[in-house]
Amino acid sequence: MQKYGVNELRRMFLEFFESKEHLAMKSFSLVPHNDNSLLLINSGMAPLKPYFTGQEIPPRRRVTTCQKCIRTGDIENIGKTARHGTFFEMLGNFSFGDYFKTEAIHWAWEFLTECVGIPADRLYPSVYLDDDEAFRIWNEEIGIPKERIYRFGKEDNFWEIGLGPCGPDSEIFYDRGEEFGCGKPDCKPGCDCDRFLEIWNHVFTQFSKEEDGSYSNLAHPNIDTGMGLERMACVMQDTDSIFDVDTIRYILQGVVEKSGVEYYDGEKPTDVSIRIITDHLRAMTFMIADGIMPSNEGRGYVLRRLIRRAA
């Protein structure tokens with residue numbers, strides 16, 4: 001596969017969906033707008049919620065973004081694992097009552113196999129247990145053999161948060177090779193080992209969960225997808241860690257030079273510290289750029305905590 005840098009992948013993704021009549025919108029601020037349910041934007045769809053709920057009219061029914069995000073739920077894992085980060089960019093394509101499963105799946109396959117050149121035999125889709133429509137599209141239209149399409153339950157392949165819009169999803173996994181596997185005969189997508197890496201999730205928002213627990217059909221189903229840019233860069237640059245992709249490695253090398261402490265690719269205790277500083281520098285920079293300042297509460301406290309951990 002050809003190696004692409006983070007900035008190249010971002011541009012390629014947005015231009016690809018622009019060619020599919022999507023409006024490429026700039027990343028929204030990390031500070032949520034008119035949304036008290038979030039301290040910080042934590043996903044590609046979070047700033048677009050008013051369009052999904054119908055509170056606001058989208059500038060176009062097809063939209064694509066590369067959204068900057070902050071997540072601190074796994075902050076204790078930062079530096080210790082290969083793919084945890086507090087700051088990341090989420091690539092996404094969205095449909096507000098326009099196209100649905102057929103187009104979303106076909107375009108995902110086209111981008112991955114034709115645009116960036118991932119071999120088809122390294123990709124494995126999963127679908128929700130009862131989503132026969134998505135299974136049929138992957139099998140009959142894309143041509144994936146039935147035995148390579150995995151059906152998972154609600155915990156893995158159904159997206160819902162409380163009441164309101166929800167639906168099944170379809171994930172795409174990249175096979176990194178047997179050398180990354182656990183060696184078990186039943187190793188497959190969804191396994192806890194490092195062999196199968198989930199790179200892109202497609203949520204088919206077609207239902208509304210009601211107060212009595214039932215599901216009604218939405219009049220206008222939506223598409224909400226998310227693919228981590230840094231994780232995608234790991235695949236395209238054949239690296240084991242997000243700290244080895246080009247843009248993040250550049251920052252890490254700066255930390256090494258300033259501190260005078262050598263980096264051993266994650267093998268030494270000091271490597272964890274170097275990774276934490278690298279990660280938190282990215283998060284702090286973008287938070288401050290969006291007007292967040294250190295304080296004792298709210299998002300200001302999140303920023304202060306990141307600064308103190310890095311220090």
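This passage walks through helix α8 and its partner α7, then a strand residue, D169, and two loop residues, N34 and D238. The model is a predicted one, and every value below was computed from it.

Helix α8 takes in residues 269–289. With 21 residues at 1.5 Å each, α8 ought to span 30 Å, and its end C-alpha atoms sit 31 Å apart, so the expected and modelled lengths agree. Quite a list of α8 residues is buried: D271, I274, R275, I276, T278, D279, H280, R282, A283, M284 and M287. The cover over these buried residues comes from several parts of the chain, including strands β2 (62–70) and β3 (87–96) as well as helices α6 (229–237), α7 (246–259) and α9 (298–310). Just past the helix comes G291, with a positive phi near 90°.

Of the elements that cover α8, α7 can be described in more detail. Two packed helices are described by the angle between their axes and the distance between the axes. For α7 and α8, the angle is about 120° and the axes are 9 Å apart. That angle makes α7 oblique to α8, and the crossing of the two helices is right-handed. On the α7 side, the residues that meet α8 are I248, I251, L252, V255 and V256, and their counterparts in α8 are I274, I277, T278, L281 and R282. Sorted by type, the residues of this contact come out as eight nonpolar, one polar and one charged. From the α8 side of the contact, I274, T278 and R282 also appear among the buried residues of that helix.

Away from the helices, D169 is found in strand β7, which covers residues 164–175. D169 has a relative accessibility of 4%, under the 20% cut-off, and therefore counts as buried. Leaving out neighbours within four places in sequence, D169 touches S126, V127 and Y128, then D156, N157, F158 and W159, and finally N201, H202, V203 and F204. For one of these, F158, the C-alpha atom is 5.5 Å from that of D169, although the two residues are eleven apart along the chain.

Two loop residues stand out for their backbone. N34 is not a glycine, yet its phi is positive, at about 55°. This residue belongs to the loop between β1 (23–25) and α2 (49–53), and with a relative accessible area of 71%, N34 is exposed. D238, another non-glycine residue, likewise has a positive phi, near 55°. D238 lies in the loop that runs between α6 and α7, and its relative accessibility of 64% is why D238 counts as exposed.

Definitions and conventions:
Residues are numbered from 1 along each chain as its sequence is written. This is a predicted model: local features need pLDDT of at least 70, side-chain atom pairs count only at pLDDT 80 or more; totals for chains, interfaces and linings use all residues. Side-chain values use heavy atoms; hydrogens and water are left out. Helices (H or I, at least four residues) and strands (E, at least two) are DSSP runs, numbered from the N terminus. The expected span of a helix is 1.5 Å times one less than its number of residues. Buried means under 20% relative accessible area, exposed over 50%, partly exposed in between (1.4 Å probe, protein chains only). Contact means heavy atoms within 4.5 Å. Axes are lines fitted to C-alpha atoms, for helices over the stretch in contact, and angles run from 0 to 180 degrees between N-to-C directions. Angles under 35 degrees count as roughly parallel, over 145 as roughly antiparallel, 65 to 115 as roughly perpendicular and the rest as oblique. A crossing is left-handed if the near helix is turned anticlockwise from the far one by less than a right angle, and right-handed if clockwise. Ala, Val, Leu, Ile, Met, Phe, Trp, Tyr, Cys and Pro count as nonpolar, Asp, Glu, Lys and Arg as charged, and the others, Gly among them, as polar.
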